[in-house]
Amino acid sequence: MNKTLNILAVGDVVAEPGMEFIQKKLWSIRDKYHADLVILNGENCAKYNGLTCDDADILYASGADIITSGNHIWHKREIFDYLDDKENILRPANYPSDCPGHGYTVYEINGQRVLCINVLGVVFMESLASPFEVTEAILKREKGNYDICVVDIHAEATSEKAAFARYFDGRIDIVFGTHTHVQTADLCLLPCGTAFITDIGMTGVKESVLGVDPKCSIERFLKKMPVRFEPAKGDCRLTGAFFSYDTALKKITDIKLVSET
């Protein structure tokens with residue numbers, strides 16, 4: 001059994017440029033970090049947000065093991081049955097239970113059982129069940145069924161992400177935020193050992209506004225009228241975070257910000 005389990009978390013993949021980058025480079029990036037497990041947020045892969053079945057298949061073939069998502073996961077109805085059928089693609093667990101799909105999975109790799117949970121923040125977002133309470137219930141339900149726990153909290157408010165990580169400090173091994181598409185500089189180990197970062201960023205065009213053509217975003221701010229956001233074009237960057245878990249010590253021993261072009 002390997003002594004360490006290396007986990008690479010990849011920020012929101014945005015539109016066709018982000019998908020092309022993932023297809024070309026994720027395997028080599030995975031090899032560079034000796035990643036045993038790749039968790040990737042895929043809710044923005046399709047043009048104008050969402051995720052198609054073909055997109056998900058491409059992400060898996062390109063080196064992703066678990067696909068997480070967020071509030072845009074419902075934009076392509078074709079994905080609904082796929083969410084039900086596949087265990088390792090997640091929608092936020094705090095949506096109502098009769099929504100398609102699963103909010104968490106237990107993924108076995110190198111003799112370790114990784115509980116991966118996806119939740120949505122509720123500040124400035126959907127009025128859903130509390131991500132705190134839903135995560136607490138999952139941990140209780142799956143007690144004894146996992147060795148490591150990782151959570152993707154897809155949220156707008158930095159305060160909600162920070163409070164969530166600190167509430168579960170020592171009980172969840174890794175908490176990483178997604179949604180805002182900007183990698184934050186606060187990657188750290190909290191006092192009781194949880195690795196936390198407010199947002200791991202995105203995989204998309206560098207010269208853009210969160211992956212969107214800057215002209216569209218600027219027009220929206222200047223005119224205050226609806227504008228269809230077109231994906232930006234140009235060179236891409238993948239941002240995320242790397243975590244190394246010592247299976248003997250049962251704790252995170254190494255963390256790094258990831259930025260690859």
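What percentage of the 261 residues in the protein chain is buried? In this predicted model, buried residues account for 56% of the 261 residues.

**Overall dimensions**

The protein chain contains six helices and 13 strands. Its C-alpha trace extends about 55 × 40 × 35 Å along the principal axes. The radius of gyration is 17 Å, which agrees with the value near 18 Å that a compact globule of 261 residues would have.

**Strand E7 and its surroundings**

Strand E7, residues 148-154, is mostly covered, with seven of its seven residues buried. In a regular strand the side chains alternate between the two faces of the sheet. Within E7, Ile-148, Val-150, Asp-152 and His-154 point one way, while Cys-149, Val-151 and Ile-153 point the other way. The residues of both sets are buried, Asp-152 and His-154 among them.

E7 pairs with two strands, E6 and E8. Strand E6, residues 112-120, runs parallel to E7 and is joined to E7 over seven bridges; here Cys-116 stands opposite Val-150 of E7. Strand E8, residues 174-178, is also paired with E7 in the parallel sense, over five bridges. In that pairing, Phe-176 of E8 is the bridge partner of Asp-152. Val-150 and Asp-152, the E7 residues named in these two contacts, point one way from the strand.

Helices complete the connections on either side of E7. E6, helix H4 (residues 131-141) and E7 form a right-handed β-α-β unit. A right-handed β-α-β unit is likewise made by E7, helix H5 (residues 158-167) and E8. E7 thus belongs to the unit with H4 and to the unit with H5.

**Pockets**

The two pockets described here are set out below.

| Pocket | Volume | Lining residues | Lining by class |
|---|---|---|---|
| Largest | about 520 Å³ | 20 residues | nine nonpolar, eight polar, three charged |
| Second largest | about 260 Å³ | 14 residues | six nonpolar, three polar, five charged |

In the largest pocket, with about 520 Å³ of space, the lining residues closest to the centre are Asn-49, His-181, Leu-210, Val-212 and Phe-229. Which residues lie nearest the centre of the second largest pocket? They are Asp-147, Gly-170, Arg-171, Ile-172 and Asp-173. The lining of this second largest pocket includes five charged residues, and that of the largest pocket includes three.

Methods:
Residues are numbered from 1 along each chain as its sequence is written. This is a predicted model: local features need pLDDT of at least 70, side-chain atom pairs count only at pLDDT 80 or more; totals for chains, interfaces and linings use all residues. Side-chain values use heavy atoms; hydrogens and water are left out. Buried means under 20% relative accessible area, exposed over 50%, partly exposed in between (1.4 Å probe, protein chains only). Helices (H or I, at least four residues) and strands (E, at least two) are DSSP runs, numbered from the N terminus. Two strands pair if DSSP finds at least two bridges between them. A crossover is right-handed if, with the strands pointing away from the viewer, the path from the first strand over the helix to the second runs clockwise. On a 1 Å grid over the protein atoms alone, a cavity is a set of points where a 1.4 Å probe fits but cannot get out, and a pocket is an open set with protein on both sides within 12 Å along at least five of seven lines; lining residues have an atom within 4 Å of a point. Grid points are joined across faces, edges and corners, and a volume is the space filled by probe spheres set on the points. Ala, Val, Leu, Ile, Met, Phe, Trp, Tyr, Cys and Pro count as nonpolar, Asp, Glu, Lys and Arg as charged, and the others, Gly among them, as polar. The radius of gyration is taken over C-alpha atoms; the globule rule is 2.2 Å times the number of residues to the power 0.38.
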